[in-house]
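Hi everyone, thanks for making time today. I'd like to walk you through a protein and the charged side chains in it, so please have the viewer open and follow along.

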Amino acid sequence: MNQRELKQSIEEDPNLTDSEKARKLNALCEPYTKMSDAELLQLVRDFTMEYGREPMRKDVLYDRELKARFGPWNRMLERAGEPTAAEKAASKGKP
């Protein structure tokens, strides 16, 4: 089960209350809070290499940690060295 599926299974579990869902997701995110900025950005690069696309927020368990440290998603992708969707679209228009 990948991170996206794990996150979705917790969020959609009818046997858990909202607070239980939040506790479970927070527990899964805990290890990422201890990682350095460089380690988190490397996870983003690793995801891109493995899946051939940049991650979306719902793809990773550490999305809140990325936002807290790097701000908006596109800014975080820039820091990780990944071109944003706008940059990709602009480069496709070039000869």
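Let's start with E65. Is E65 buried or exposed? Its relative accessible area is 18%, and the cut-off for buried is under 20%, so E65 counts as buried. Before I go on, please keep in mind that this is a predicted model.

You'll find E65 in helix 4, which covers residues 63–70. Which residue does E65 pair with in a salt bridge? The partner is R69, and the closest N and O atoms of the two are 2.8 Å apart. Both residues sit in helix 4, four residues apart, and that is about one turn of the helix. R69 has 24% relative accessibility, so R69 counts as partly exposed rather than buried. If we leave out residues up to four places away in sequence, E65 also touches Y32, T33 and L40.

Now let me zoom out for a moment. The protein has six helices and zero strands. Reading along the sequence, you get the pattern α-α-α-α-α-α. Of its 95 residues, 31% are buried. About 6,400 Å² of the protein is exposed, and carbon and sulfur atoms supply 53% of that area. Here is one for anyone who likes contacts: take those between residues at least 6 apart in sequence, and 55% of them join residues at least 24 apart.

What about the nonpolar side chains? The largest nonpolar core has 14 residues. The ones with the most contacts inside that core are L40, V44, Y62, L66, F70, W73 and M76. Helix 3 (37–51), helix 4 and helix 5 (73–80) each supply at least two residues of this core. You may recognise L40 from a minute ago, as one of the residues that E65 touches.

Back to charges. Side chains of opposite charge can pair when their charged atoms come close. How many salt bridges does the structure hold? There are six, and I'd like to show you two more of them.

Please select D59 and R4. They form a salt bridge, with the closest N and O atoms 3.1 Å apart. This pair links distant parts of the chain: D59 is in the loop between helix 3 and helix 4, R4 is in helix 1 (residues 3–11), and the two are 55 residues apart. D59 is buried, because its relative accessible area is 4%. R4 has a relative accessible area of 28%, so R4 is partly exposed. There is a third member here too, as R4, R53 and D59 are linked in a network of salt bridges.

Next, select D63 and K7. Their closest N and O atoms are 3.0 Å apart, and they form a salt bridge. Again the pair links distant parts of the chain, with D63 in helix 4, K7 in helix 1, and their positions 56 residues apart. Are these two buried or exposed? D63 is buried, with a relative accessible area of 14%, and K7 is buried as well, at 11%.

So what does a buried charged residue look like without such a partner? Take K21, in helix 2 (residues 18–33). K21 is buried yet has no salt bridge. The nearest side chain of opposite charge belongs to D18, 4.3 Å away. A salt bridge needs the nitrogen within 4 Å of a carboxyl oxygen, so that pair does not qualify. What does lie beside the K21 side chain? The backbone oxygen of E11 is 3.0 Å from one of its polar atoms. Not counting residues up to four places away in sequence, K21 touches I10, E11, D13 and L16.

One last stop, also in helix 2: E30. E30 has a relative accessible area of 40%, so E30 is partly exposed. Its side chain makes a polar contact with the side chain of K34, at 2.6 Å. If you'd like to try a distance yourself, pick the C-alpha atoms of E30 and L61: these residues are 31 apart along the chain, and the atoms are separated by 9.7 Å.

To recap, we saw E65 paired with R69 inside helix 4, D59 and D63 paired with R4 and K7, and K21 buried with no salt bridge. Thanks for listening, and do shout if you'd like me to go back to any of these views.

Key
Residues numbered from 1 in each chain as written. Predicted model: local features only at pLDDT ≥ 70, side-chain atom pairs only at ≥ 80, totals over all residues. Heavy atoms only, no water. Buried < 20%, exposed > 50% of the residue type's maximum accessible area, 1.4 Å probe, protein only. Lys, Arg positive; Asp, Glu negative; His and termini not counted. Polar contact = N/O pair within 3.5 Å; in protein donor to acceptor, adjacent residues only side chain to side chain. Contact = heavy atoms within 4.5 Å. Areas by Shrake-Rupley, 256 points an atom, 1.4 Å probe, with all protein chains shown as cover. Core = buried A, V, L, I, M, F, W, Y, C linked by side-chain atoms within 4.5 Å.
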